[in-house]
Number of protein chains: 2
Amino acid sequence: MHHPAVPAPLMAFAGSPIDRADHIRVDDNALAGLMDWRAKVLVMDGLLPGVDDMGGLVWGSLADVPPDAELVFLGLMDGNACFAPVPTEGAEGPAYAMPRAWQIMQQLAPADLAIYGGARSLVDWHARHRFCARCGAGTKLVKGGWQRHCDNCGADHFPRTDPVTIMLVEHEDRLLLGRQPRFPPKMYSALAGFVEPGETIEEAVAREIHEEAGVRVRDVRYIASQPWPFPSQLMIGCTSVADDPTLNIDTTELEDARWFTRAELEEARAAGEAGTDLLYFPRPFAIAHHLIAWWLDK
Amino acid sequence: MHHPAVPAPLMAFAGSPIDRADHIRVDDNALAGLMDWRAKVLVMDGLLPGVDDMGGLVWGSLADVPPDAELVFLGLMDGNACFAPVPTEGAEGPAYAMPRAWQIMQQLAPADLAIYGGARSLVDWHARHRFCARCGAGTKLVKGGWQRHCDNCGADHFPRTDPVTIMLVEHEDRLLLGRQPRFPPKMYSALAGFVEPGETIEEAVAREIHEEAGVRVRDVRYIASQPWPFPSQLMIGCTSVADDPTLNIDTTELEDARWFTRAELEEARAAGEAGTDLLYFPRPFAIAHHLIAWWLDK
C-alpha cells in the first residue's frame, strides 16, 4: 500500500487549498499586517456558510464584520489572508441533527467544503470555549485563533481534534456493519468510537468492536483518515478480521448489526441513493463509504 | 503489513490489562454497586504513582481516600473495580520537564505503566477542567469520570485525546531526524506535530514536515500508534518519502535537522544509552525508537 487507499480529493472535508502558514499565527506583527483591505473574511450565518451559484464559499472583507469580532486566521490563499468569524453560539448535537447545514454543504465544491469544514471546527470550538476550564474566568482569542489564553490563571487552551476509529470487520468474505436507531431506514455503516486516553488505534478498534458487537478481531490495519467537522473529529479508518462471527450486540449503542455478503454490498453500492431492499449504502461524504468501497475493490 | 509493525506490548503505555467496561460508566447503579470494600484505588501522590519493589503499582481501597474525593472508574481487573483519584492540581508543561515522574515510571512493569498512563491522562484532565468552558461555572464529575457536567448551562465535557503525527522521512536510504533545543546533547528524533482541525493524517504529516524542515513528501504511510500521557496524546507514527533532500529548517521549532545514513543509525542503535559521537538514538519508551527500528529492520 505505497499510495493512499483513498486520495484526499475524494474524501469530503479533506484537500483544503489553504496554506495554514503557521509561522504567522505566532507573529502578532505579521498577523496585524495582513489585516487590511485585502483580507478575506468568510461570510457565515452563525455556523452556516454562504454559498454562491457556482458552489463557492462567499468571502467578504474586514469591513463586513464588527470591529470587536473574534476572527480565526485560516491561512493564506492566492496571497490573501483568510479569516473566519466566531459566532455567538456554537453547535449543539451531532451532524445528522443539522439538516440545513447538510443541504447547504452539498452545494459546495470539494475544495471549498474542505475550507469550510476546518473553519467550522475552529470557530465552533471558540464559541463553546469562551471560559477557562481551569479557573472559570473569561478567556481571549490569541495566536490568530489557534489558542485561547486566560489572563486570570495563565492557562492556555487549544482547539481540540478528537480521534475516532471507524472500522470494517471481515469474516469469510463478509463485512460487519451496524445501524444506530437514528439512521435512515435500511442504512448500515461501519462501527465507530472515540479513541480513549491510554490506548493505541489498534486497541481502540478491537475494544469498540467487542463492546458494540461482541466480536473479537485480529490484524487491525489502518486504511485512510478524514477530518469530520461535527464538531471536530479525526476519523481513522481501519480494517480488521474476525475468526468467530457470533454477534452479541450492545443495544444501547446499536439497533442492529449484521454480516453483509460481498454481493449484497455490491448491489447496494450500485443502487446508490435508492438503496436495495436490504441496505442503503453510506453516502460518499462519509469515510465509511470509501472504506467499504476499498474492501469491495481490493 | 498484515500484522502490526510494533506489537502493543513493546510500545510503552500500550497494552493495559484493564477491561474498560464502558457499560458500567453509564449505569449509576452498577457503578455504585462496585464501590465497596473490594474496590481498588490507585495510590498516587498528586500525579505520581506509588510503585512497589516488584515494579507494580500500589493499590489501596476506598478507605484510603477522603469521602468527597473525585474518582475515575478505570475499569475491571481480576473482577475488581479499579479507580484513580483526581489530584488537587494537574500537570503543567511537557514530559521532559518532569524528571521525577520519569524516574518513577522507569520502575514500572509494562502492564502497570499502561494502566498508570491512561489513569494519569484522565485524572490530570479532570484536575485542569473543573470549570465549564462554555459558561465558566463549576462542573462535576459524572459517568465514572468519563464526562463532566455543568448544572448551570447543561454542557457536557469529555476527556480529550490529541492526535499527533510523528514521522520518518526517507530519501535515498537516509532518514531525516531533527532536534529541539531542549533535547539532551546529540539526541535527534522523528519530527512531530499536532493534527489540526480540517486535515487528514496524511495532510498533517506533509504539512508538518514542510513547516519544520522545508521538505515536500509523498507516499505517507501509517506504521504504528502510541498513547502518550503528557498530558494525553495519541501518537500516530508514519513514514514518508522525499524526492528533494534540501532542508529549510524552521529554527523556532527545531535547533537542527539532518539526514542520517542507515549505517549511522545502526551504529547509534547498537550504542544504546551511550550513543555515538554523532547521535543518541531515541529511547524505547518513545514511538520514534520503534519507527526508526522498523525502518532499519524492514
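**View 1. Contact between domain 1 and domain 2 of chain A in the predicted model.** In this view, 11 residues of domain 1 of chain A are in contact with seven residues of domain 2 of chain A, two residues being in contact if their C-beta atoms, placed from the backbone, lie within 7 Å. Helix H1 (22-25), strand E5 (71-77) and helix H4 (110-127) of chain A are the elements that give two or more residues to the side of domain 1 that touches domain 2; helices (H or I, at least four residues) and strands (E, at least two) are DSSP runs, numbered from the N terminus. The model is predicted, with local features needing pLDDT of at least 70 and side-chain atom pairs counting only at pLDDT 80 or more, while totals for chains, interfaces and linings use all residues. Residues are numbered from 1 along each chain as its sequence is written, and chains are lettered from A and ligands numbered from 1 in the order in which they are written.

**View 2. Contact between chain B and chain A.** The contact takes 50 residues from chain B and 50 residues from chain A. To the side of chain B that touches chain A, two or more residues each are given by helix H4 (110-128), strand E10 (162-171), helix H5 (201-213) and strand E13 (217-228) of chain B. Because 100% of the interface residues of chain B are also interface residues in chain A, the copies meet through the same surface.

**View 3. The rotation axis and chain B.** A turn of 180° and a shift of 0.0 Å along the axis lay chain B on chain A with an RMSD of 0.0 Å, the copies being superposed by least squares on the C-alpha atoms of residues with pLDDT of at least 70 in both. That is the relation of a two-fold axis. Among the residues of chain B, B:Gly136 comes closest to the rotation axis, at 2.1 Å (C-alpha).
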